[in-house]
Amino acid sequence: MDLALPDGRVMEYWEGGDPAGRPMIMHPGTPETRLMGTWGHDAAVAAGVRLFALNRPGYGGSTSMGVPSLMGPARDTAAMAAQLSLDEYAVFGLSGGGPFAVATAVADPRHVRALGVVGGTGPWRILDGPSKDPEGNTCLILHDAGDVAGAWDCMRRDVDRAYGRLAPLDDGARVDSFLADLADGSHLLEDEDYRTLWADNLRVVLANVDGSTFDNLAWGARWDVDPRDVATPTLLWYGEMDTPCPPAHGRWYADRIAGSELVVFPGEGHMDVIDRHWPDVLGGLLAIWE
C-alpha cells in the first residue's frame, strides 16, 4: 500500500496484525523494507496489535528525500498516522530504524503513546569510534563540513561497493553473504521462511540504494534530534553479544530518555534481538502505553 505525503512524495507501507488492535508503527532496520514487518504478523495478531511497517525515503517505491535527516522520516511517520486516522499509536525501530523511531516520538508527542528501540544504533562514531567504519566516516566528515551533496555521492559509492558483491549471487548465497556479519550464531538463518523473507527484502534493497545511503548519513552524521526531548514511555531492548549495536548504544539512550527501561538479553546477538522477541516487544509496548 502507499500514501501521498503532504509534500507530494509517496510512502509505501505494509499493514498486518489485528485490524481492531492498538496501532503500532515499525521502522525497519538498515537496509530493511516494509516486508520485514510480515515477520511480526502472527505475534501482532496474538497481542491484539494493528501493525504497520513503512519504507523510509529511497526504499522500494518510497520517494527519496533530498537531505538526510532523522526528523524528516519522523514527520513522514506522523503524517502517515494522521492520514490513517491513528489518534494514538506506538512506534518502535529495529537496528538502524531505532533513531527514526526516537525522532518520531519527538516529532509527534501528542499521538505517540509508547516508544521502543530494539537493538537500535546510537551515534556510532561517538560510541564505537570512527575506526569502526573508516570508509563511511570519510563520507560523514564531508557532511560535517556542510558538503551534503559530496557526502551523498561518497556514501552512495560506499554502499554500491558493499552491495556490489551481492548482485551476482543467487538468493541463498546472497542471504548468507549479507547476514554473515550479523548472525552472531543465530539459528534464524536455518529458518527457511526467514531466509525467503530476507531474499525478498534484499531484492528490493539492491534495486535502489538510495534508502541505505539516506539511512547511513541520517544516523551516521550529526543528529537533528535529541533523545532528551522524548517524553514518551520508552523501552530499550539489546543483546549482550550484539556486535553491530552493543548494549553501550542502549545505555546511551537510557541515559538520555527520562524514565526509560533498558533490557539486555544475556548471550544474544543482533539478529536474535531484533527478530526473535516480537511478543516481548509488542507486549512491553502495550504495558507502558499511556
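How do the residues of the lining of the second largest pocket divide into nonpolar, polar and charged? The answer, 8 nonpolar, 1 polar and 4 charged, is taken up again below, after the sheet and the helix that lies across it. The structure described here is a predicted model.

## The sheet

An open sheet is formed by 8 strands, with mixed pairing, in the order β1-β2-β4-β3-β5-β6-β7-β8. The edges are held by β1 (2–4) and β8 (261–265); each has a single partner strand, so one side of each is left without a neighbour in the sheet. From one strand to the next, the twist averages 25 degrees.

Strands of a sheet pair through backbone hydrogen bonds, in either a parallel or an antiparallel arrangement. Strands β2 (residues 10–17) and β4 (residues 49–54) run antiparallel and are joined by 5 bridges. Within this part of the sheet, Gly16 stands opposite Leu51 in β4.

## Helix α10

Helix α10 (residues 247–256) lies across β6 (112–118), β7 (234–239) and β8, and runs at about 165 degrees to β7. The buried residues of α10 include Pro247, His249, Gly250, Trp252 and Tyr253. Their cover includes the three strands β6, β7 and β8 together with the helices α3 (98–107) and α4 (124–127).

## The largest pocket

The largest pocket holds about 1,100 Å³ of space. Its lining consists of 33 residues, and those nearest the centre are Thr30, Asp133, Leu182, Asn216 and Trp219. By class, the lining of the largest pocket comprises 17 nonpolar, 9 polar and 7 charged residues.

Several helices contribute to this lining. At least two residues each come from α5 (134–144), α6 (148–164), α7 (171–179), α8 (192–207), α9 (210–220) and α11 (270–275). The largest share, 5 residues, is supplied by α6.

## The second largest pocket

About 220 Å³ of space lies in the second largest pocket. This pocket is lined by 13 residues, with Pro123, Ile126, Arg222, Trp223 and Trp252 nearest its centre. Helices α4 and α9 each supply at least two residues of the lining. As stated at the outset, the lining divides into 8 nonpolar, 1 polar and 4 charged residues.

Two of the elements already described recur here. Trp252, a buried residue of α10, is among the residues nearest the centre of the second largest pocket. Helix α4, which forms part of the cover over the buried residues of α10, also supplies at least two residues of the lining of the second largest pocket. Helix α9 supplies at least two residues to the lining of the largest pocket and at least two to that of the second largest pocket.

Definitions and conventions
Residues numbered from 1 in each chain as written. Predicted model: local features only at pLDDT ≥ 70, side-chain atom pairs only at ≥ 80, totals over all residues. Heavy atoms only, no water. Pairing = 2+ DSSP bridges. Helix = DSSP H or I, 4+ residues; strand = E, 2+ residues; numbered from the N terminus. Axes fitted to C-alpha atoms, helices over the stretch in contact; angles between N-to-C directions. Contact = heavy atoms within 4.5 Å. Buried < 20%, exposed > 50% of the residue type's maximum accessible area, 1.4 Å probe, protein only. 1 Å grid on protein atoms, 1.4 Å probe; cavity = no way out; pocket = protein on both sides within 12 Å on 5 of 7 lines; lining within 4 Å. Points joined across faces, edges and corners; volume = space filled by probe spheres on them. Nonpolar A, V, L, I, M, F, W, Y, C, P; charged D, E, K, R; others polar.
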